[in-house]
Every structure is written in C-alpha cells, then in structure tokens.
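The exercises below are to be worked with the sequence and the structure side by side. Each task is followed by a solution that proceeds step by step.

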Number of protein chains: 2
Amino acid sequence: MFDAHNIDTSDLEHVADGKTFRWFGRYDYDLNVAHTLDTHLNVFADFQPKLSEQSKNSRLVFLGNIQPDLQRGVRQQVPNAELVALDTMNLWIDTARGSLLETIKGVDLVIINDAEARQLTAIPNLIKAARTILSWGPKALIVKRGEYGAALFTADTYFAIPAFPLESVFDPTGAGDTFAGGFMGYLSSQRDLDEAAMRRAMIFGSVMASFNVEEFGTARVVKLTHDEINERFRAFKQMTHFEEIPFQKQ
Amino acid sequence: MFDAHNIDTSDLEHVADGKTFRWFGRYDYDLNVAHTLDTHLNVFADFQPKLSEQSKNSRLVFLGNIQPDLQRGVRQQVPNAELVALDTMNLWIDTARGSLLETIKGVDLVIINDAEARQLTAIPNLIKAARTILSWGPKALIVKRGEYGAALFTADTYFAIPAFPLESVFDPTGAGDTFAGGFMGYLSSQRDLDEAAMRRAMIFGSVMASFNVEEFGTARVVKLTHDEINERFRAFKQMTHFEEIPFQKQ
C-alpha cells in the first residue's frame, strides 16, 4: 500500500520478536472524546529510529507519538530541517513530562488535542494553555478539537476552523494522525512555510481527517482522489465565508 | 439601564406577588458546559406576554426561553413578522417536548446549544440532529457550542465560526442569551434577512457574547462601544481567513 502511494519505506525496521503497538480506547455517545483504556507500547517502547542519509536531509519532519527521549534522538539527526513538528499523548505527559518539555523546546510546531494541551500545562483555559506552550519554544501550536475543528496559535496570530460536517462518523480512530499527515503532506508541496501555507495546510489536514473517519482503518483514505480532496477544500471556503461589513449605527 | 440604551420597555409587566425567575448551575473545570442544578420558574411559570399594537408589528421576534405553550401564544400575536426565532432549554425538552415541537414548527429559526440539539432529537451526531430539526419546519438552525463557537444550518448550507479566543473567562452565564441578542440586534439593522446577513449576525452575536463573559452580569456589555464591537468583528475576519488555492499535484 505504501509503495503504491510512492511512500519511501526504506527506513522501516522489522523486529523479529515482539508485538505491534496497540492502543485500546472507547468513545462516548457523541464520538468526540477518545478515552484510553490501555496502551501497549510493545516494540515501540524502545524503538530508536535510525535515519538514512536521505531521510536526514528531510525538509519537513514529523515526530510521531513515541517516547519523548526517542523523539529527541530523531530531532538530533535532522539539524537542518526547515520545520520539525511533534505529536504526543497523555501517557507521556503522565510518565515523562520533563523529557517531553525538553523535546518540545527543540521543535517548531506542536500538534496535539485540546485535552492534551490542558493536561500538559494544567491550565483549563485553552488560550492561556496555548500561550504557555508557545512560551517554551515552538513557533506554532495546533490544537485539534475533534468534531469542533482545529486552531493554530502563533505568538501573535490565531486561526480556527470548524471540522467538515459529517452525518455519519464510522470510526474516529486515527483522525488526529490523518490530520497531521494531511497537514505535513500539504506543507511539503509548498515552497514557503509561512502562516498562509500553514492555514491552508490545516484545511487539508481537516479534509483528510474527514475522509478517514468515514470508514474503518485506512479503507477510505487509500482510495481518495485529488478531485475529492479539492472539492472538500472548496466546501471549507464556503462554510467559513462571511462578508467584511462592520456594523454601522443607523 | 434599558432606557439609557433606547430599549422599549412598555410591554414589561410587574407582578406584585411572586419571585423572579432563577437558574442555578455549576460549570466544569473548563467552563464550557453549564450543568443545571435547579430552575425556579417563579413568576415566569405562567407569564403570558400581551403585546402592544406596536410590538405586534415587530419585524423580528425572538421567543425567549419560556414554557413552549406560552411561546406559541406570543408567536400567534405576530403573524406578519419577517423572522421569528426561538430559544429553549433542557427543562422544556424534558417536560413539554410535544408542545415544544409544535412551537418549533411555527418559527423560522431555532437558536439552541449542542447539548439541547442532541437531547431534543435523541441523535448523537450533531449534523444529523440538525437535519432532523430543520425537517420539522424552521428554515434555519443555529447551534451554539460554547468555547468552540457556533454553527448555522439551513436546508443546503452550513456555516461555522470559532468563538473569540479569550484568556480569561470570568463568567460564562448568559453567553448564549447575549449571542442571541447580538444576532437579532444586528439582523434588525439589515434590510435583507438573507444568509449573508445571518452569517454576519452570527459574528456579531459571538462578539457580544465574548464581551459578556469578561465580567459578571451585564457589567461589560453595558459599557461597550461600537468601536470595540467593530474591532472584534474585524478580528474574526482575520482569525478565519485562508486563501482559496486548491492543491495541485506537482
């Protein structure tokens, strides 16, 4: 499947002994909040990615959700990357907070959900929590909010988008990862990684996530076409547009 | 206070015996969900508004949150209104659902929060719940989502906006009512009550709500200036803007 989509898998490692990473969770009535029941790291527990020379020259790097010491190990292998983004999860906030903060210091962009932003900072107000995370070093923070969309924070800007409205959500698992993949994938097509590009990338991330939840696993995303993606991008423009006519007292 | 803001109070009634309506609630850690502890209707229980001839000719009518039979009584007094909107609450969904559905049939716009939309329809998916409410008769539905903003549904359009980002929320009580007031107030300044006007009105509703939560009660709203309102309107444009450049395979 990866080969068919022209995805370089040369840095993948196969471990003969050990099991695949597993996350166990349940969703509430409204499918919005994922509750972790159990996390089995298995072979992920001490996976230390060794990058090829080609991978070390990557322009964009996404540090997927592994133990923060290991994320830092990857970060150090790509000193010249233009943009390094990071994901994490509640497990690492609970068990390796100090290391996680150290890792966050060294990245350009943090991509997490709202519960994680609150847990990480112990600040209930999301806007204040975001300011705190930015004060640690990253130039930008994306907070994913499930069915409510996503928000991008920088030192002096704020951008928020709704989620694509879906009448049936088959399986929200992986929506956040698909968002991150769509976001990074779009950015990699752009010369300038400025705020305007990041904003468009957020729309693409949301579009990809909206397709992902329509079927189980990768069933929907694997058969996506560029036309389908662009059509939903245009729908986002429609559903967020309003005219810039301030109120005038009459 | 009302007089100073040029608000017509001639239809107000004073009841010599009886107590004012009271709502008792608590908020969670994140201030997003209001949990009702108790509702004392008091003089509101059987308040039957009698409109003056002038009020009967109102172009826009907002049926505030009272018993749905009584709302219908007001609705029947304004047969020529261009737009009639309705608010309600969990109490009426629980105790007078049949009457509430009958009342909803006769209005143009329903303005409720997401928990109420789900409770009213017993449908967990908000988009499907919205379609169901529209199938009962109203031409439009606004769903308020607290810190996540608000969405406008019509038969064939969807519009969603974030909330104004605030680092400190003093008191979320009344944010929904202030949204509705700002929304209706803006619409009343417009000749055409079309979708474009409704979208702008939603921004104004959100702007007003964002000010309201900054202080207790009406303390912040009462001293608002038009410049402050317009400044926040423009901020909404900034924080939702992205360029319409679809993805092209390179």
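**Exercise 1.** In this predicted model, locate B:Asn212 in the secondary structure, and decide whether the residue is buried or exposed.

*Solution.* Begin with the element: B:Asn212 belongs to helix 8 of chain B, which covers residues 195-212. Next, take the relative accessible area, which is 6% for B:Asn212; because buried means under 20%, B:Asn212 is classed as buried. Finally, list the surroundings: with neighbours within four places in sequence set aside, B:Asn212 is in contact with B:Asp171, B:Thr173, B:Gly174, B:Ala175, B:Thr178, B:Gly217 and B:Val221.

**Exercise 2.** Describe how helix 8 of chain B and helix 9 of chain B pack.

*Solution.* Start from the geometry: the axes of helix 8 and helix 9 (residues 226-240) of chain B lie 9 Å apart, at an angle of about 115 degrees, and the crossing of these two helices is right-handed. Then turn to the residues that meet, which include B:Phe204 and B:Phe211 from helix 8 and B:Phe233 and B:Phe236 from helix 9 of chain B. Sorted by class, this contact has eight nonpolar, three polar and three charged residues.

**Exercise 3.** Work out the strand order of the open sheet in chain B, and state which strands form its edges.

*Solution.* The six strands follow the order 3-4-5-6-7-8, with mixed pairing, and the edges are strand 3 (60-63) and strand 8 (158-161) of chain B, each of which pairs on one side only. At one edge, strand 7 (residues 150-154) and strand 8 of chain B run antiparallel and are joined by four bridges, and B:Leu152 has B:Phe159 in strand 8 as its bridge partner.

Note on methods: Residues are numbered from 1 along each chain as its sequence is written. Chains are lettered from A and ligands numbered from 1 in the order in which they are written. This is a predicted model: local features need pLDDT of at least 70, side-chain atom pairs count only at pLDDT 80 or more; totals for chains, interfaces and linings use all residues. Side-chain values use heavy atoms; hydrogens and water are left out. Buried means under 20% relative accessible area, exposed over 50%, partly exposed in between (1.4 Å probe, protein chains only). Contact means heavy atoms within 4.5 Å. Axes are lines fitted to C-alpha atoms, for helices over the stretch in contact, and angles run from 0 to 180 degrees between N-to-C directions. A crossing is left-handed if the near helix is turned anticlockwise from the far one by less than a right angle, and right-handed if clockwise. Ala, Val, Leu, Ile, Met, Phe, Trp, Tyr, Cys and Pro count as nonpolar, Asp, Glu, Lys and Arg as charged, and the others, Gly among them, as polar. Two strands pair if DSSP finds at least two bridges between them.
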